[in-house]
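Reader: I am new to this structure and would like to know how its labels are earned. Could you take me through a few of them?

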Amino acid sequence: MTGTLPLFPLGTVLFPGLVLPLHIFEERWRTLMRNLMDLPDGTPREFGVVAIERGLEVMPPPHDGVATSEVVVHEVGCVAQLRQITELPDGKFDIVTVGARRFRITGFVPSPHPYPVVGVEWLPDPAPDELADQLAPRVLAAFREYLGVLRGGPDDQLPDDPTVLSNLVAASASLTVGDRQQLLSAPDPASRLRQELAILARETALLREVRAVPAQLSQLGPAPAMN
């Protein structure tokens with residue numbers, strides 16, 4: 001199935017089911033918010049969030065990217081459903097969105113609006129299979145270990161549903177945009193969980209190594225000047 005979406009490029013990756021608050025200040029995105037507010041009751045108020053791959057300084061765009069007039073964005077993104085919107089006295093907006101279904105950009109379409117509009121194909125969201133059910137406890141244990149090293153203690157409030165867990169790990173671990181984009185593009189929960197096992201092992205090992213490296217105070221740079 002296909003459709004069209006207003007496109008909002010960001011320097012982050014949105015995942016289904018995860019909350020994304022935004023502060024809207026640029027005029028074209030203010031226009032998008034006003035247009036969404038003007039939609040009839042019952043009409044989905046949503047737009048597509050896609051991660052920026054490269055800016056204008058890197059042209060032409062890579063073969064696996066999609067170019068706008070300003071940036072190169074990744075092909076796979078996630079719908080942001082508008083849940084809360086507050087218009088501020090200066091015309092800016094504070095909004096809260098929640099990630100919904102994933103999409104792949106098929107091309108940019110003509111639009112009278114100042115913001116980009118794209119054609120999309122909706123990506124399937126398969127239910128967890130037996131492999132995902134087997135991988136989920138392993139990823140949960142690896143994520144608890146990772147959080148223990150990162151924060152000094154695990155988070156007890158973690159889901160065990162394979163799909164929810166796979167999206168939460170991808171969104172909340174301290175990963176690069178590239179890692180997150182790879183996880184968003186995974187075709188199913190099992191593929192995402194399998195990748196996360198390797199990523200969490202790598203990141204946990206790096207955290208342990210960084211914390212284990214001794215350093216003298218003089219090696220950490222000059223002391224800050226006192227006023």
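Author: Happily; here are some labels of this predicted model, each with the reasoning behind it.

Reader: Why is Thr204 called buried?

Author: Buried means under 20% relative accessible area. Thr204 has 6% relative accessibility, so Thr204 counts as buried. You will find Thr204 in helix α5, residues 189-212.

Reader: What is Thr204 in contact with, leaving aside its neighbours within four places in sequence?

Author: Those partners are Glu145, Tyr146 and Val149. Contact here means heavy atoms within 4.5 Å.

Reader: Which residues of the largest nonpolar core touch the most other members?

Author: The core has 31 residues, and the ones you ask about are Phe15, Val139, Phe143, Tyr146, Leu165, Leu193 and Leu200. Helices α2 (130-151), α3 (162-172), α4 (177-184) and α5 each give two or more residues to this core, and α2 provides the largest share, 10 residues. Val139, setting aside neighbours within four places in sequence, is in contact with Leu165, Val169, Leu193, Glu196, Leu197 and Leu200. There is also a second, separate core of 19 residues, including Leu10 and Leu20.

Reader: What makes β1 and β8 a pair of strands?

Author: Two strands pair if DSSP finds at least two bridges between them. Five bridges join β1 (residues 2-10) to β8, and the two run antiparallel, so the condition is met. Gly3 stands opposite Val120 in β8.

Reader: How many bridges link β7 and β8?

Author: Five again, in the antiparallel sense, with β7 covering residues 93-108. Here Ile105 stands opposite Val120.

Reader: What makes strand β8 mostly covered?

Author: Five of the six residues in β8 (117-122) are buried.

Note on methods. Residues are numbered from 1 along each chain as its sequence is written. This is a predicted model: local features need pLDDT of at least 70, side-chain atom pairs count only at pLDDT 80 or more; totals for chains, interfaces and linings use all residues. Side-chain values use heavy atoms; hydrogens and water are left out. Helices (H or I, at least four residues) and strands (E, at least two) are DSSP runs, numbered from the N terminus. Buried means under 20% relative accessible area, exposed over 50%, partly exposed in between (1.4 Å probe, protein chains only). A nonpolar core is a set of buried Ala, Val, Leu, Ile, Met, Phe, Trp, Tyr and Cys residues joined through side-chain atoms within 4.5 Å.
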